[in-house]
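Reader: I should like to go through this model with you, beginning with a single residue and then turning to the ligand and the core. May I put my questions in order?

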Amino acid sequence: MQASKRISTILGGGSDGWEVFMRAREMITEGTPVTELTIGEHDIRTAAPILQDMHRAALGGHTGYASIPGITALRDAIAKRVTERTGVPTKRENVMVTPGGQSALFAAHTAVIDPGDTALYIDPYYATYPGTLRGASAEPLAIKAHASDAFQPRAADIAAVAKGAKSLLVNSPNNPTGVVYSRETLEGIADVCKEHDLWLISDEVYDTQIWEGEHISPRALEGMAERTLVVGSMSKSHAMTGSRIGWVIGPEEMVEHLINLATHTNYGVAGFIQDAALFALELGEDFETEIAEPFRRRRDLAQTVLAGQNVVGVVPNAGAMYMMLDISATGMSGQEFAFALLDAHHIAVMPGESFGKAAAGHIRVAMTIEDTAFVQAMHQLCDFAKEKSGR
Ligand code: PLP
């Protein structure tokens, strides 16, 4: 018996980009310590008071089927947060609670894509994007952003392939580059969406991790609220990756469709998780700043290390928990460099090629380990690059 084309082509053939990560995990299983700068997971766990609230909610009986669009108080809290942060009046009816941002990405695309429609996305990209788009029956089409533009996508490049496409997926602050899209970039994107009648799916799961400048939600730009679906998550903002809690924000009629989709797929998010998410949101902005702070600090530490050498280049990262480093001076691909660094120093980073063609010759460093070990790893990485470059 054969699996469907849709599901069997999710990976799209070829490498899935996780080879270095898998090799590092094998080494760890075999007993070799590895410094892991790979995935976007905090080095702290979910805060105890959030877990205590989750426990209280579960013991209190919130363990049955929960409200599928999300419990009213949580939808209201998310709507309030979005209104305050973006200035776009947002009501409960604009909010659909989902099991994490990943599920929100799939739901948002399923809501706007008919089988075979072209779904645009920007390269470099979060590694699951093309698979998510294929899973939603789309034909994914990547548009390269350029290292020479600090990976800010060009509106003209999007416009050049927008005719007949259905949607465009953007992500700022960006994984993997750490780049925050400027107002000019986002206005250019918004103009293309309006001109070519595209849905914009805006993945804003890193919106609390801003180190320089400001996060602008493209939903707030003129004429965009009716054609934008925003993907949000508490994974990164509240260190709740395992709780699987996120949302889609969009026009009321789209949220109605998303509720139908959830009713016939995941049937919503566990009630005790939703209660704990509400509790966590009510901890306010100070708590979110506290969760983001270690990444801001490590970015500064890394910049000091990088300033002391001239082999490894750094993409100006104004947000998110990653740095994208240009290692092309070594003459190696990102993949070759990452494997060689793992073998020589037991430091695991992600090859730029895991995130698309545009990031070839780069590596992504997740700033997700304790400061002293992080600084040491950055020194080792730079020394290794220097040695390989022959400078
Ligand atoms: N979007 C981006 C850009 C991400 O980096 C991630 C996770 O790393 C997600 C979405 C999905 O996050 P989650 O499903 O944990 O909310």
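**Backbone, ligand site and core**

Author: In this predicted model, His346 is placed in the loop between helix H12 (334–345) and strand S11 (347–351).

Reader: Is His346 buried, partly exposed or exposed?

Author: Buried would require a relative accessible area under 20%, and exposed one over 50%. His346 has a value of 30%, so the residue is partly exposed.

Reader: What is notable about the phi of His346?

Author: Most residues other than glycine have a negative phi. His346 is not a glycine, yet its phi is positive, near 55°.

Reader: Where does Arg244 lie, and what is its phi?

Author: Arg244 is found in the loop between strand S7 (228–233) and strand S8 (246–249). The residue is partly exposed, with a relative accessible area of 34%. Although Arg244 is not a glycine, its phi is positive, at about 55°.

Reader: Which peptide bonds are cis in the loop between S5 and H8?

Author: Most peptide bonds are trans. The loop between strand S5 (167–171) and helix H8 (183–195) holds Pro173, and Pro176 is placed there too. A cis bond with omega of about 20° joins Asn175 and Pro176, and another, with omega of about -10°, joins Ser172 and Pro173.

Reader: How many residues surround the ligand, and which helix gives the most to this shell?

Author: The shell has 15 residues, and the closest are Gly101, Asp203, Ser233, Ser235 and Arg244. By class, five are nonpolar, seven polar and three charged. Four residues come from the helix that gives the most, H5 (residues 100–112).

Reader: Which side chains place an N or O atom 2.7 Å or 2.8 Å from a ligand oxygen, and how much of the ligand's accessible area does the protein cover?

Author: The distance of 2.7 Å belongs to the side chain of Tyr206, and that of 2.8 Å to a polar side-chain atom of Lys236. Of the 400 Å² of accessible area that the ligand has on its own, the protein covers 93%.

Reader: Which helix gives the largest share of the largest nonpolar core?

Author: The core has 68 residues, of which Leu325, Phe337, Val349, Val365 and Leu381 touch the most other members. At least three residues come from each of domain 1 (5–45 + 286–389) and domain 2 (62–283). The largest share of this core is seven residues, from helix H13 (residues 371–389).

Definitions and conventions:
Residues numbered from 1 in each chain as written. Predicted model: local features only at pLDDT ≥ 70, side-chain atom pairs only at ≥ 80, totals over all residues. Heavy atoms only, no water. Near = heavy atom within 4 Å. Polar contact = N/O pair within 3.5 Å; in protein donor to acceptor, adjacent residues only side chain to side chain. Areas by Shrake-Rupley, 256 points an atom, 1.4 Å probe, with all protein chains shown as cover. Helix = DSSP H or I, 4+ residues; strand = E, 2+ residues; numbered from the N terminus. Nonpolar A, V, L, I, M, F, W, Y, C, P; charged D, E, K, R; others polar. Core = buried A, V, L, I, M, F, W, Y, C linked by side-chain atoms within 4.5 Å. Buried < 20%, exposed > 50% of the residue type's maximum accessible area, 1.4 Å probe, protein only. Domains from an automatic or database assignment.
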